[in-house]
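Subject: Structure handover and notes

Dear colleague,

I am handing over the structure we discussed, together with some notes on what I found in it. Please read them with the structure open beside you.

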Amino acid sequence: MRRDRIRIERANTILYTDAWAETVAFYRDMLGFEVSFENDWFVEFSIGPSSHLSVADADRSSIVAGDGTGLTISLEVGDVGEVRSTLIEAGVDVGEIGLRFGSPVFDVFDPSGNRIEFWSTAKPPT
């Protein structure tokens, strides 16, 4: 039986955390993500034309906080070296640039332990 593909209009990944204020500050202030919605326990960031990342206070929700295991937020950027330098200047603890699947990549971890992978299809910096 053939099934038609589901058309996604908008994507939002929600991170439930026990370190809500610190995690919100990390994405807003350290990574510079734009807030598209917020209330007193939930903040949504616009990270692309139809992609969003939200941080929810697990103490105020029915979902238990994750501990960062089994989750990678993978973000393609134009220039891995430039993004890494910008994050270092902002005080973010960043990993070294390496290769993953033939692409330059580095990782950071948010205060909740979630891994964020920044990668590019561009050649690795020399």
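A word on one term before anything else: a residue is called buried here if its relative accessible area is under 20%, exposed if that area is over 50%, and partly exposed in between. By that cut-off Asp107, at 16% relative accessibility, counts as buried. Please also keep in mind throughout that this is a predicted model.

As to the overall layout, the protein has two helices and eight strands, and from the N terminus on its elements run β-α-β-β-β-β-α-β-β-β. The C-alpha atoms fill a box of roughly 50 × 45 × 25 Å when taken along the principal axes. Of the 126 residues in the protein, 35% are buried, and among contacts between residues at least 6 apart in sequence, 51% join residues at least 24 apart.

Asp107 is a convenient place to begin with the charged residues, for a search of the whole structure finds eight salt bridges, and one of them is formed where the side chains of Asp107 and Arg115 meet, with 3.5 Å from N to O. While Asp107 is buried, its partner Arg115 is partly exposed, with a relative accessible area of 23%. This pair does not stand by itself, since salt bridges that share partners join Arg100, Asp107, Arg115 and Glu117 into one network. Within that network, Arg100 forms a salt bridge with Glu117, and the closest N and O atoms of the two are 2.5 Å apart. Because Arg100 lies in strand E6 (residues 98-100) and Glu117 lies in strand E8, this pair ties together parts that are 17 residues apart in sequence. Here Arg100 counts as partly exposed, at 29% relative accessibility, whereas Glu117 is buried, with a relative accessible area of 11%.

Another of the salt bridges links Asp29 with Arg28, with the closest N and O atoms 2.8 Å apart. In this case Asp29 is partly exposed, with a relative accessible area of 49%, and Arg28 likewise counts as partly exposed, at 35% relative accessibility.

Turning to the nonpolar interior, the largest nonpolar core has 22 residues, and those with the most contacts inside it are Tyr27, Leu31, Leu87, Val108, Ile116 and Phe118. The elements that give two or more residues to this core are H1, strand E3 (42-46), strand E4 (51-57), strand E5 (72-76), H2, E7 and E8, and the largest share, four residues, comes from H1. Val108 may be worth displaying on its own: leaving aside its neighbours within four places in sequence, Val108 is in contact with Phe26, Leu87, Val92, Asp93, Val94, Asn114, Arg115, Ile116 and Phe118.

How is helix H2 (residues 80-89) placed with respect to its surroundings, and which of its residues are buried? The buried residues of H2 are Val80, Gly81, Arg84 and Leu87; they cover an arc of only 130° around the axis, which puts them on the same side of the helix. These residues pack against helix H1 (20-30), strand E7 (103-109) and strand E8 (115-119), while on the other side of H2 Glu82 and Glu89 are exposed. At the N-terminal end of H2, Asp79 acts as a cap, with a side-chain oxygen that lies 3.0 Å from the backbone nitrogen of Gly81. Just after H2, Gly91 takes a positive phi of about 90°.

The last region I looked at is the run of strands around E3. Strand E2 (residues 34-38) and E3 run antiparallel and are joined by four bridges, with a hairpin of three residues leading from E2 to E3; the bridge partner of Phe37 in E3 is Glu44. On the other pairing, E3 and E4 also pair in the antiparallel sense, over five bridges, and a hairpin joins E3 to E4 through four residues. There the bridge partner of Ser46 in E4 is His52. E3 itself is mostly covered, given that four of its five residues are buried.

With best regards

Definitions and conventions. Residues are numbered from 1 along each chain as its sequence is written. This is a predicted model: local features need pLDDT of at least 70, side-chain atom pairs count only at pLDDT 80 or more; totals for chains, interfaces and linings use all residues. Side-chain values use heavy atoms; hydrogens and water are left out. Buried means under 20% relative accessible area, exposed over 50%, partly exposed in between (1.4 Å probe, protein chains only). The arc is that of the directions from the helix axis to the C-beta atoms. Contact means heavy atoms within 4.5 Å. A polar contact is a pair of N or O atoms within 3.5 Å; within protein, one must be able to donate a hydrogen and the other to accept it, and residues adjacent in sequence count only if both atoms are side-chain atoms. A nonpolar core is a set of buried Ala, Val, Leu, Ile, Met, Phe, Trp, Tyr and Cys residues joined through side-chain atoms within 4.5 Å. A salt bridge is a side-chain nitrogen of Lys or Arg within 4 Å of a carboxyl oxygen of Asp or Glu. Two strands pair if DSSP finds at least two bridges between them.
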